[in-house]
Amino acid sequence: VSRVIPVETFDLVIFGGTGDLARRKILPALFRRFQAGQMPEESRIIGAARSEMGTKEFRAFVGEAIGEFIPAEEAPAKAVENFLRHISYVAVDARGTDGWSDLSAQVRQDVIQAFYFSVAPALFGDLAERLHEHGIAGPESRIVVEKPFGRDLESAHALNATLAAHFDEHQIYRIDHYLGKETVQNLMAVRFGNILFEPLWNAQYVDHVQITVAETVGVEGRGAYYDLSGAMRDMVQNHMMQLLCLIAMEPPSQFEPDAVRDEKLKVIRALDPVAPAEIVRGQYKAGNGRPSYVEGVENPDSRTESFIAMRVDIANWRWKGTPFYLRTGKRLKSRMSEIVVTFREPPHSIFGEEAGKSANVLVIRLQPDEGITLRVTIKEPGPGGMRLVDVPLDMTFAEALGPDADDIPDAYERLIMDVIRGNQTLFMRGDEVEAAWAWTDPIIAAWSDKGDRPLPYETGSTGPEDALMLLHRDGRRWREIE
Ligand code: BG6
């Protein structure tokens, strides 16, 4: 039975309200929560940006965003109209004085206040200062910030310091939208809600772990940002690191923000440095009528990677000897994100070599077709003697949960409501982000110093051949991207 957790009345100000993220993610997510009945009647959403426009125009912009990103049958005209009544707009100048008294007049002090900084990080400090100068934000206001949270340890540290000058850590919500994905939360439910897995969840029983986030899109219109980041900064430092943490962390004593984040931090701090030989970087070529990476970023000599595969080792008692292989890339064969935990083979086969070998595999699929599959070994049916086969014990949400599976909120819906509820469990703490950069920086420095070029790969492939070698070398192979 699906349940909607009630939230209190709020005023949510979206700085960068006319931007791409607001249009694609934030505003459609808010509409869906409104439709689900989770947005209290008196709540307001205030778009704030530099553009001179009025509430009427902004409402039209929001209406269009809903039209574009939500299927028509889920957005009846009447519902959209009702939603738009909650929306207003204020033109503000983050670096000046214009608009701030208007904003101050709009934001109520007796309801929950959240400020979404959907703007370039260079503006975080200005926004934080203005909000306080004009008495808009108080000690319980929440601010939401997006990645990129810095591009290295130094810049992330500086950003944290800027925010800390105005807000306490309990007010800061650093979004990593992967943490809001339903299956990612399910990963925790499966690990800590069952007795079956946890006793086996260590190097003694787990052979290796694979985390794949494959995309079919290229850099599209984001070339300017992406070329300065690459897959390592764009995906590994944050999303993949968070997934790795949730798999590798010790059981927190409670499902509470700091209990969970303390455990994740310990994992990041225990990561071994990664040698260049454990990394394969790639860059997609032109294909299927679409431009090559370098054409998309307009730098014919770009050495930025759009694909990365790497072996990561965790130096602690639980995981020493179990490698984690990470792989992510754009313009690959299909869009697929999954985590694969491959257990070791039984120590001895009582059935003899000819029965075949088998190892249990737990596949946690984030997208598409969210679900969890445990592959177990059984006897091949029939009179053929004792031969072993692998069969899936399947938990696709759609099958197991029926129509409720359709109620799975998108990551942004979940996370924005968590902000209103004041729950930081699925948000990154400042020290986690810094620790992740501290691990990432030397890896990036090693290839930049040497002027390494990523290997070209075909659009629609699984990345450069060398990525396969990374596992073959260790006597393993990647699960198919499909
Ligand atoms: C973003 C990255 O954080 O995540 C993008 O900047 C990437 O490059 C995206 O495409 C992937 O998110 P999702 O939810 O589509 O898997």
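## The parallel sheet

In this predicted model, six strands form an open sheet in the order β3-β2-β1-β4-β5-β6, and their pairing is parallel. At the two edges lie β3, covering residues 87–91, and β6, covering residues 172–174, each of which pairs on one side only. From one strand to the next, the twist averages 20 degrees.

Within the sheet, strand β1 (residues 10–15) runs parallel to strand β4 (residues 112–117), and six bridges join the two. One residue pair can be named here, since the bridge partner of D11 in β4 is Q113. As a general point, the strands of a sheet pair through backbone hydrogen bonds, in either a parallel or an antiparallel manner.

## Helices on the sheet

Helix α1, residues 20–35, packs on the sheet and touches β1, β2 (44–49) and β4, with its direction making about 170 degrees with that of β1. Helix α2, which spans residues 55–69, lies across β2 and β3 and runs at about 120 degrees to β3.

## The contact of α1 with α13

Helix α1 also packs with helix α13 (residues 411–421), at an angle of about 70 degrees and with the two axes 8 Å apart. Because an angle of 65 to 115 degrees counts as roughly perpendicular, α1 is described as roughly perpendicular to α13. From α1, the residues that make this contact are L21, K25, I26, A29, L30, R32 and R33, while α13 contributes Y412, E413, I416 and M417. Sorted by class, the contact of α1 with α13 comprises seven nonpolar residues and four charged ones, with no polar residues.

## The annotated position H239

In an unreviewed entry, UniProt gives the annotation "active site" to H239, a residue that lies in helix α9, residues 230–248. The relative accessibility of H239 is 2%, and H239 therefore counts as buried, given that buried means under 20%. When residues up to four places away in sequence are not counted, H239 touches K147, D176, H177, Y178 and D234. Two of these contacts, H177 and D234, are themselves listed by UniProt under "binding site", again in an unreviewed entry.

## The "binding site" residues H177 and K181

Under "binding site", the unreviewed UniProt entry lists H177, K181, E215, D234 and K330. H177 is placed in the loop between β6 and α7 (182–193), and K181 likewise lies in the loop between β6 and α7. How does accessibility classify each of these two loop residues, as buried or as partly exposed? H177 has a relative accessibility of 22% and so counts as partly exposed, whereas K181, at 13%, counts as buried.

Their contacts can be described in a similar way. Leaving aside neighbours within four places in sequence, H177 is in contact with H239, A411, Y412 and L415. With sequence neighbours set aside in that manner, K181 is in contact with L366, Q367 and A411. A411 thus appears among the contacts of both H177 and K181, and residue 411 falls within the range of helix α13, residues 411–421. Y412, a contact of H177, is also one of the α13 residues that meet α1.

## Surroundings of S292

S292 is found in the loop between β8 (279–284) and α11 (293–297). With a relative accessible area of 11%, S292 is buried. Apart from residues up to four places away in sequence, S292 touches Y284, K285 and A286.

Key
Residues are numbered from 1 along each chain as its sequence is written. This is a predicted model: local features need pLDDT of at least 70, side-chain atom pairs count only at pLDDT 80 or more; totals for chains, interfaces and linings use all residues. Side-chain values use heavy atoms; hydrogens and water are left out. Two strands pair if DSSP finds at least two bridges between them. Helices (H or I, at least four residues) and strands (E, at least two) are DSSP runs, numbered from the N terminus. Axes are lines fitted to C-alpha atoms, for helices over the stretch in contact, and angles run from 0 to 180 degrees between N-to-C directions. Contact means heavy atoms within 4.5 Å. UniProt positions are given in the numbering used here, feature names are shortened, and annotations may be inferred rather than shown by experiment. Buried means under 20% relative accessible area, exposed over 50%, partly exposed in between (1.4 Å probe, protein chains only). Angles under 35 degrees count as roughly parallel, over 145 as roughly antiparallel, 65 to 115 as roughly perpendicular and the rest as oblique. Ala, Val, Leu, Ile, Met, Phe, Trp, Tyr, Cys and Pro count as nonpolar, Asp, Glu, Lys and Arg as charged, and the others, Gly among them, as polar.
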